[in-house]
Amino acid sequence: MITHLSSEQVAEYIVGYPSPIVAEHLRDCPACRAEVVNFREALGDFRWAIRSWSEEQASEYQTNAAPVMPAPVPDPRWWTPSHQFAGALLVAAICIIASFVVPRHPEKVLSSDAVLLSQVDAQVSRTVPSSMEPLMKLVVQK
Amino acid sequence: MQLSATSGLEKDILRSAGPDVTIFAGDFEALVRLYRPKVFRFALASLGDVDAAETVTQDCFLRAHQARETFRQDCGMHTWLMQITVNLIRDHIRNRRFQFWRRLNRTARGLDVAGRAIADRSRSPEMQALMNERVAAIWTAAERLPAKQRTVFLLRFVEDMDLLEIAAATGMKEGTVKSHLFRALRTVRERLGEKI
């Protein structure tokens, strides 16, 4: 009765570390040789299928994740001569507007402020509210 | 399909820029271009979900960039990135929400992977159907492996890493890697059954 290779012996051969006994048996036994060749071929097919599948998936993934048009990035050199000119124009415009807003005769403003202040002083220094002043006059006359 | 294009590019960059650390210091973008497909592929094979794989890939390069000063040349750049990826995947799988979606999409993904195998090889319809079945069976078997066995299995049979590289990437000893790999292969072979 012929003893064929065990699973471990076949694995030894497939991994690449066959013992002399295994190598000798494979030379003499066509059945075991065919089995080992078929197993190795099946593993080769498996490797080929995985590699092919991986390449296909990688390319599909890259296609699906195709880069969207990037948002325009502002020019880092923004302080160009045209910007400088625009800045100067803006400063000039602010100066012009300010010249209209700021009062041209400060002495007039000061005198009107003094009048307003004296009116406030008069109101504050009253002993009674203005509506009660006639009544107070009567009281004083008595 | 450009299945082998990366290795050529890798050689060119390594030849022109010297050690990995030089590329790392000089041009991180070149590093991402070079290793991104590999990291993504391993993450996709491990998680089976494109969005999760993309997240893990981005996190991997973010962490690599943050930790670039600590990179030592005792392992290759590819191994180091795989080490980061393995840790990120482990964290991701622990997430309960992810586990829910993983269970839900399991069947669909198996068929999806098998479908890729059919589309691109010039074989007879019978052979294609057989190939399709075998790929789906290996996928299903790999998906049901315990986490460590699955990681080792995928690093060996999808990423073509040798035992020492896998040991460095996973933090296991070489003997442990071999043991996980043998168990994984035995399980996959049993589940393949008569399809081989």
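How many helices and strands does the secondary structure of chain B come to? In this predicted model, chain B comes to ten helices and zero strands.

**Figure 1. Chain B from end to end, in a predicted model.** Start at the N terminus and the elements of chain B run α-α-α-α-α-α-α-α-α-α. Of its 196 residues, 38% count as buried. If you look just at contacts in chain B with a separation of 6 or more, residues 24 or more positions apart account for 64% of them.

**Figure 2. Helix α5 of chain B and its buried residues.** This helix covers residues 77-94 of chain B. Want to check its length? At 1.5 Å a residue, its 18 residues should span 26 Å, and the end C-alpha atoms are indeed 26 Å apart, so the two agree. The buried residues in α5(B) are B:M77, B:W80, B:L81, B:M82, B:T85, B:V86, B:L88, B:I89 and B:H92. A handy thing to keep in mind while looking: an α-helix has 3.6 residues a turn, so residues three or four places apart point the same way.

**Figure 3. Helices α8 and α10 of chain B where they cross.** Two packed helices are described by the angle between their axes and the distance between the axes. Here α8(B) takes in residues 147-157 and α10(B) residues 174-192, and their axes come within 8 Å and cross at roughly 90 degrees. Angles of 65 to 115 degrees count as roughly perpendicular, and α8(B) and α10(B) are therefore roughly perpendicular to each other. On the α8(B) side, the contact is made by B:K148, B:Q149, B:V152, B:F153 and B:R156. Facing them from α10(B) are B:V177, B:H180, B:L181, B:R183 and B:A184. Sort the residues of this contact by class and you get five nonpolar, two polar and three charged.

**Figure 4. Helix α9 of chain B against α10.** The axes of α9(B) and α10(B) are 9 Å apart, and the two helices pack at an angle of about 105 degrees. That makes α9(B) roughly perpendicular to α10(B). From α9(B), the residues to look for are B:L163, B:L164, B:I166, B:A167 and B:T170. They meet B:E174, B:V177 and B:K178 in α10(B). Split by class, the contact of α9(B) with α10(B) has five nonpolar residues, one polar and two charged.

**Figure 5. B:V177, a residue of helix α10 of chain B.** Is B:V177 buried or exposed? A residue is buried if 20 or more other C-beta atoms lie within 10 Å of its own; with 26 C-beta neighbours inside 10 Å, B:V177 therefore counts as buried. Leaving out residues up to four places away in sequence, B:V177 touches B:V152, B:L163, B:I166, B:A167, B:T170 and B:M172. Find B:K148 too: it sits 29 residues away along the chain, yet its C-alpha atom and that of B:V177 are separated by 8.8 Å.

**Figure 6. B:D160, in the loop between α8 and α9 of chain B.** Most residues other than glycine have a negative phi. B:D160 has a phi near 60 degrees, a positive value in a residue other than glycine. Exposed means 12 or fewer other C-beta atoms within 10 Å; B:D160 has 11, so this residue is exposed.

**Figure 7. Chain A and its six helices.** Chain A has zero strands, and read along the sequence it follows the pattern α-α-α-α-α-α. Buried residues make up 13% of its 142 residues. Take helix α4 (residues 81-101) of chain A: its 21 residues should span 30 Å at 1.5 Å a residue, and its end C-alpha atoms are 31 Å apart, which agrees. α4(A) is hardly covered, with a count of zero buried residues.

As for confidence, chain A averages a pLDDT of 79, and 80% of the residues score at least 70. Among the elements of chain A, α2 (residues 20-28) has the highest mean pLDDT, 88, and α6 (residues 133-141) the lowest, 74. Where pLDDT is low, the predicted coordinates should not be read in detail.

**Figure 8. Where chain A touches chain B.** The contact takes 26 residues from chain A and 30 from chain B. On the chain A side, α1 (7-15) and α3 (30-64) each supply at least two residues. α3(A) gives the most to that side, with 20 residues. By class, the chain A side divides into 14 nonpolar, five polar and seven charged residues.

Conventions. Residues numbered from 1 in each chain as written. Chains lettered and ligands numbered in written order. Predicted model: local features only at pLDDT ≥ 70, side-chain atom pairs only at ≥ 80, totals over all residues. Axes fitted to C-alpha atoms, helices over the stretch in contact; angles between N-to-C directions. Helix = DSSP H or I, 4+ residues; strand = E, 2+ residues; numbered from the N terminus. Parallel < 35°, antiparallel > 145°, perpendicular 65-115°, else oblique. Contact = placed C-beta atoms within 7 Å. Nonpolar A, V, L, I, M, F, W, Y, C, P; charged D, E, K, R; others polar. pLDDT = per-residue confidence, 0-100. Expected span 1.5 Å × (residues − 1).
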